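I opened the model today to look up a few points of its fold. My notes follow in the order I took them.

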Amino acid sequence: MYQRIYKIEDEPEESLFLFGARQTGKTTLIRQRFPKAVFIDLLQSEIFTSLQNNPERLRQQVKALPTGTTVIIDEIQQLPVLLNEIHWLISNCGTRFILCGSSARKLKRSGVNTLGGRALPCNLFPLVSREVDDFDIHKAVNNGMLPKIYTSTASRRLLQAYVDIYLKEEIKAEALVRNLASFTRFLETAAMADGEIVNYQNIASDCGVSANTAKEYFNILIDTLIGYMIPPYTKSQKRKMVQASRFYFFDVGIVNYLLRRRELTPGTPEYGHAFEHLVIQEIIAYNGYTHKDLRISYWRTYTGQEVDVVLGDAEVAIEIKSTDNIESRHLKGLKAFSQDFPTARLIAVSLDPFDRKTDAGIEIMNVHRFFDAMWDDKII
């Protein structure tokens with residue numbers, strides 16, 4: 001059992017929307033942290049059917065509960081009409097709700113009541129290094145960080161099942177796309193573009209759809225919490241900057257499966273790509289759990305100089321390399337960045353076992369020590 005770092009029980013005494021991709025552990029977390037809450041699971045067919053036919057039954061049930069009872073509704077996107085009843089109960093009875101789901105898309109697109117700011121949005125991410133005893137960076141790079149998959153000896157079969165279930169439950173069941181076959185091809189193409197600058201026209205051509213359709217497919221992945229975009233950092237008085245965003249799937253294990261990567265080993269380009277993804281994945285989770293609301297971006301000039309991650313307003317620049325021997329050639333992007341932003345903290349994250357600081361002021365940090373420093377709030 002993992003001890004999740006997210007202290008959801010410490011959130012303000014208000015209602016919450018807890019979102020996260022499937023199998024990140026939402027249900028386990030809330031059952032552990034709110035053992036006395038009333039739990040309503042909309043994946044149970046009899047409960048779903050009863051509330052679908054008579055949404056007012058939720059009001060009747062909650063009003064009969066003792067004052068101060070917390071009510072958890074799992075998979076709220078399955079029955080958005082309940083939000084009208086929830087709104088009324090929050091406003092008139094002061095009931096605290098925790099609403100869980102694996103997709104915000106249905107709520108966004110159906111024009112339902114979104115509670116007018118009466119529920120705080122929260123996110124649960126895949127596992128992070130601090131939640132895992134004896135964290136193994138190579139296992140994480142290969143398997144990803146979904147709780148059931150990270151330690152499994154059958155990780156590939158579980159990842160296959162995950163992708164198939166995702167396609168069935170999130171895409172086909174909700175009728176989000178008309179052509180499931182083209183969307184399946186798009187998923188593979190998007191995996192090849194993972195961590196790269198998004199070019200909708202090129203991706204559309206590769207999977208046989210229009211550029212507008214490709215853009216909508218990306219929006220589906222983002223709204224169903226399967227991926228996210230990292231925007232460019234474009235402030236510069238000296239250089240012409242790339243303006244397009246980069247796309248990442250929410251977990252590196254999904255990318256490995258879609259690209260048919262097997263047994264990634266350090267020193268290969270495939271390992272390098274997965275290693276970079278994993279580090280960015282952990283930074284995203286850190287930003288979410290600490291509520292720092294940092295701007296996370298990347299920096300790239302039209303001449304090809306780049307930095308993988310920029311935190312805040314050029315406060316920290318991070319280059320990610322899977323090498324175990326950082327050399328000057330690995331630091332060109334950080335050196336270029338420092339010319340434009342001389343006050344920025346410069347960090348190279350790698351497998352290099354020796355932490356040190358170069359004459360140019362670049363901190364070279366082993367990935368384990370970088371993760372530890374980040375969770376101890378010593379990076380920014």
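Is Thr24 buried or exposed? I kept in mind that this is a predicted model. Thr24 has 0% relative accessibility, so I entered Thr24 as buried; the cut-off for that word is under 20%.

Entry on the surroundings of Thr24. I found Thr24 in the loop between β1 and α1, the helix of residues 26-33. I then followed the side chain of Thr24 and found that it reaches the backbone oxygen of Ala21 at 2.8 Å. Next I listed what Thr24 touches, setting aside neighbours within four places in sequence. The list reads Arg4, Leu124, Phe125, Pro126, Leu146, Pro147 and Phe250.

Entry on the sheet. I asked in what order the strands run. The sheet is open, has 5 strands and follows the order β2-β3-β4-β1-β5, with parallel pairing. I noted β2 (38-41) and β5 (119-123) as the edge strands, each of which pairs on one side only. From one strand to the next, I read an average twist of 15°.

I then looked at the helix packed on this sheet. Helix α3, residues 56-63, touches β2, β3 (70-74) and β4 (96-101). The direction of α3 makes about 165° with that of β2.

Entry on the strand pairs. I went through the bridges pair by pair. β1, residues 15-19, pairs with β5 in the parallel sense over 5 bridges. For Leu18 I wrote down Cys122 in β5 as the bridge partner. β2 and β3 pair over 4 bridges, in the parallel sense, and here Phe39 has Ile72 in β3 as its bridge partner. β3 and β4 are also joined over 4 bridges in the parallel sense. On that side I found Thr70 opposite Arg96 in β4.

Entry on β3. How many residues of β3 are buried? I counted 5 of its 5, and I noted the strand as mostly covered. I also checked which way the residues point. Thr70, Ile72 and Asp74 point one way from β3, while Val71 and Ile73 point the other way. Both sets are buried, Asp74 and Thr70 included.

Entry on α9 and α11. I took helix α9 as residues 180-192 and helix α11 as residues 211-223. They pack at an angle of about 80°, and their axes are 11 Å apart. I therefore put α9 down as roughly perpendicular to α11. From α9, the contact uses Ser182, Phe183, Phe186, Leu187 and Ala190. From α11, I listed Ala214, Tyr217, Phe218, Ile220 and Leu221. Sorted by class, the contact of α9 with α11 has 9 nonpolar residues, 1 polar residue and no charged residues.

Entry on α13 and α15. I took helix α13 as residues 269-290 and helix α15 as residues 367-375. Here I read an angle of about 10° and axes 11 Å apart. That angle makes α13 roughly parallel to α15. On the α13 side I wrote down Phe275, Val279, Glu282, Ile283, Ala285, Tyr286 and Tyr289. These meet Val367, Phe370, Phe371, Met374 and Trp375 in α15. Which classes do the residues of the contact of α13 with α15 divide into? I entered 11 nonpolar, no polar and 1 charged.

Notes: Residues are numbered from 1 along each chain as its sequence is written. This is a predicted model: local features need pLDDT of at least 70, side-chain atom pairs count only at pLDDT 80 or more; totals for chains, interfaces and linings use all residues. Side-chain values use heavy atoms; hydrogens and water are left out. Two strands pair if DSSP finds at least two bridges between them. Helices (H or I, at least four residues) and strands (E, at least two) are DSSP runs, numbered from the N terminus. Axes are lines fitted to C-alpha atoms, for helices over the stretch in contact, and angles run from 0 to 180 degrees between N-to-C directions. Contact means heavy atoms within 4.5 Å. Buried means under 20% relative accessible area, exposed over 50%, partly exposed in between (1.4 Å probe, protein chains only). A polar contact is a pair of N or O atoms within 3.5 Å; within protein, one must be able to donate a hydrogen and the other to accept it, and residues adjacent in sequence count only if both atoms are side-chain atoms. Angles under 35 degrees count as roughly parallel, over 145 as roughly antiparallel, 65 to 115 as roughly perpendicular and the rest as oblique. Ala, Val, Leu, Ile, Met, Phe, Trp, Tyr, Cys and Pro count as nonpolar, Asp, Glu, Lys and Arg as charged, and the others, Gly among them, as polar.
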